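Dear colleague,

Please find below the structure I promised to hand over, with its sequence. Once you have had a look at it, you can read on for an account of what was found in it.

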Amino acid sequence: RRTAIPLKGRNSDCSANHIEPMGLRLDGAQQSSELLYVGFNQDNGCFACGTDSGFRIFNCDPFRQTYRRDFDLGGFGIVEMLFRCNILALVGGGRKPRYPTNKVMIWDDHQNRCIGELSFRSEVKAVRMSRERVVVVLEYRIYVYNFSDLNLLHTIETISNPHGLCALCADSQACVIACCGLQKGHVRAELFDITRTTLISAHEAALSCIALNTDGTRLATASERGTLVRVWDTRSGQRLMELRRGAEPAVIQCMCFHADNSWLLVGSDHGTIHVFKLMDGEMDKAPELMPPPAAAGAPTVVPGGAAADSPDNPRSSLSFLGSLLPKSLVPTYIQSQWSFAQFRLPGSEKALTRTICAFAPENTNSFLVVSADGTFYKCGFDPVRGGECYREDWQRFLLPDDEE
């Protein structure tokens with residue numbers, strides 16, 4: 001069914017800072033809780049949860065539950081918000097899906113009912129929304145619809161994409177989509193505002209995570225190896241930075257650009273959130289063209305650590321070799337930049353974790369972490385010294401009814 005979609009505010013309008021939202025599906029994992037999905041809205045001021053009996057929405061600051069809808073039967077594997085408006089995109093999930101997993105239901109929480117639906121021949125892997133577009137991701141295809149009337153505008157073919165990797169720039173002035181290409185490790189950036197397609201050979205291994213910045217001009221990518229993150233220019237396809245999360249393989253689950261493009265947040269299943277500094281000068285040129293730091297006094301990097309005296313991302317003490325030897329002879333490990341600041345989730349050293357992370361909406365040096373175990377963190381970092389981050393807030397959500 002197709003219908004005109006009325007937009008109304010939920011405590012605010014739809015014109016906040018535009019940041020590509022990140023969602024994490026949990027209905028395919030063994031979880032001890034009822035949580036099936038968590039995802040931030042476009043300004044990171046809220047996050048939505050899909051459970052095996054309904055869905056809920058939480059405000060991040062101050063932390064509180066703002067909306068809850070329970071159903072007698074049925075779970076939700078995707079709950080995609082549109083800023084703080086009344087419209088949600090819902091997909092069934094869990095052991096007993098509320099709706100078929102091949103349908104996207106458009107829910108109006110003011111009318112308390114579905115006002116439209118999109119049906120497909122295979123399972124829906126992800127949904128992204130902006131004020132102008134609804135993007136539905138299947139394993140081999142992506143459909144782009146006009147938001148107001150759900151008319152189909154574009155169809156994009158992809159390589160097998162079982163995790164539904166797709167990033168949509170939520171800024172209505174710059175409609176940009178980044179998704180898997182037709183080859184392993186390749187990214188396709190569709191810049192609909194200027195009618196341009198950019199194909200990027202991002203990694204040798206398959207992709208595990210992609211993210212766009214506020215206006216869709218920058219793209220961050222990570223592969224299944226999880227050791228490197230690369231930042232690209234979406235218009236030219238040029239590689240701008242290469243960042244090293246760590247030396248050991250990991251699954252990178254979330255990445256988020258700061259609203260002013262000065263920082264990049266990266267979270268992995270090792271339970272560590274990394275903050276990388278994105279320098280203006282470095283974002284304007286490729287790594288092989290950047291001058292190395294002075295050899296004298298250059299920090300010796302301990303993986304995952306930041307030098308207390310360095311205002312930039314630390315590098316290897318051998319990075320000066322990049323200016324003395326041909327690039328082909330300099331190992332990538334030496335050329336990479338390590339994280340400027342780090343936060344480790346309590347208890348994550350004992351088991352792998354599943355989290356999403358995003359910068360706080362007030363444009364400060366704070367970020368938010370939501371974990372699949374039902375915990376919420378607000379953390380801060382020192383923008384001059386870096387190093388270990390500090391916890392500003394901690395909450396449990398999805399508590400049993402008698403504890404709420």
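**What was found**

The protein chain exposes about 16,700 Å², and carbon and sulfur atoms supply 48% of that area. Please keep in mind while reading that this is a predicted model. The chain has 404 residues, and buried residues make up 57% of them. Its secondary structure comes to 1 helix and 31 strands. If one takes the contacts with a separation of 6 or more, residues 24 or more positions apart account for 49% of them.

**Salt bridges**

The count of salt bridges in the model comes to 11. One of them is formed by Lys378 and Asp61, whose closest N and O atoms are 3.0 Å apart. Because Lys378 lies in strand S29 (residues 375–380), while Asp61 lies in the loop between strand S4 (54–60) and strand S5 (63–70), this pair ties together parts that are 317 residues apart in sequence. Lys378 has a relative accessible area of 10% and is therefore buried, since the cut-off for a buried residue is under 20%.

Another salt bridge is formed by Arg218 and Asp233, and here the closest N and O atoms are 3.0 Å apart. Arg218 lies in strand S19 (residues 218–223) and Asp233 in strand S20 (residues 228–233), so this pair ties together parts that are 15 residues apart in sequence. Both of these residues, Arg218 and Asp233, are buried.

The side chains of Glu242 and Arg239 also meet in a salt bridge, with a distance of 3.3 Å from N to O, and Glu242 and Arg239 are both buried. When you look at this pair, please look at Arg230 too, as salt bridges that share partners join Arg230, Arg239 and Glu242 into one network.

**Backbone details in the loops**

The loop that holds Asp61 deserves a second look, for a cis peptide bond joins Asp61 and Pro62, with omega at about -5 degrees. Pro62 is found in the loop between S4 and S5.

Which residues other than glycine have a positive phi? Among them is Phe83, whose phi is near 50 degrees, and Phe83 is found in the loop between strand S6 (75–81) and strand S7 (87–93). Asn112 is another, with phi near 60 degrees, and Asn112 is found in the loop between strand S8 (103–108) and strand S9 (113–119). Is each of them buried or exposed? Phe83 counts as buried because its relative accessibility is 1%, whereas Asn112 counts as partly exposed because its relative accessibility is 38%.

**The sheet around these loops**

The strands named beside Phe83 and Asn112 belong to one sheet: 4 strands form an open sheet in the order S6-S7-S8-S9, and the pairing is antiparallel. S6 and S9 stand at the edges with a single partner strand each, which means that one side of each is left without a neighbour in the sheet. On average, and with direction ignored, neighbouring strands of this sheet are turned by 30 degrees against each other.

As a reminder, the strands of a sheet pair through backbone hydrogen bonds, and they do so either parallel or antiparallel. In the case of S8 and S9, which run antiparallel, 6 bridges join the two strands. To follow one bridge yourself, you could start from Met105, whose bridge partner in S9 is Glu117.

With kind regards

Technical notes:
Residues numbered from 1 in each chain as written. Predicted model: local features only at pLDDT ≥ 70, side-chain atom pairs only at ≥ 80, totals over all residues. Heavy atoms only, no water. Buried < 20%, exposed > 50% of the residue type's maximum accessible area, 1.4 Å probe, protein only. Contact = heavy atoms within 4.5 Å. Areas by Shrake-Rupley, 256 points an atom, 1.4 Å probe, with all protein chains shown as cover. Salt bridge = Lys/Arg side-chain N within 4 Å of Asp/Glu carboxyl O. Pairing = 2+ DSSP bridges. Axes fitted to C-alpha atoms, helices over the stretch in contact; angles between N-to-C directions.
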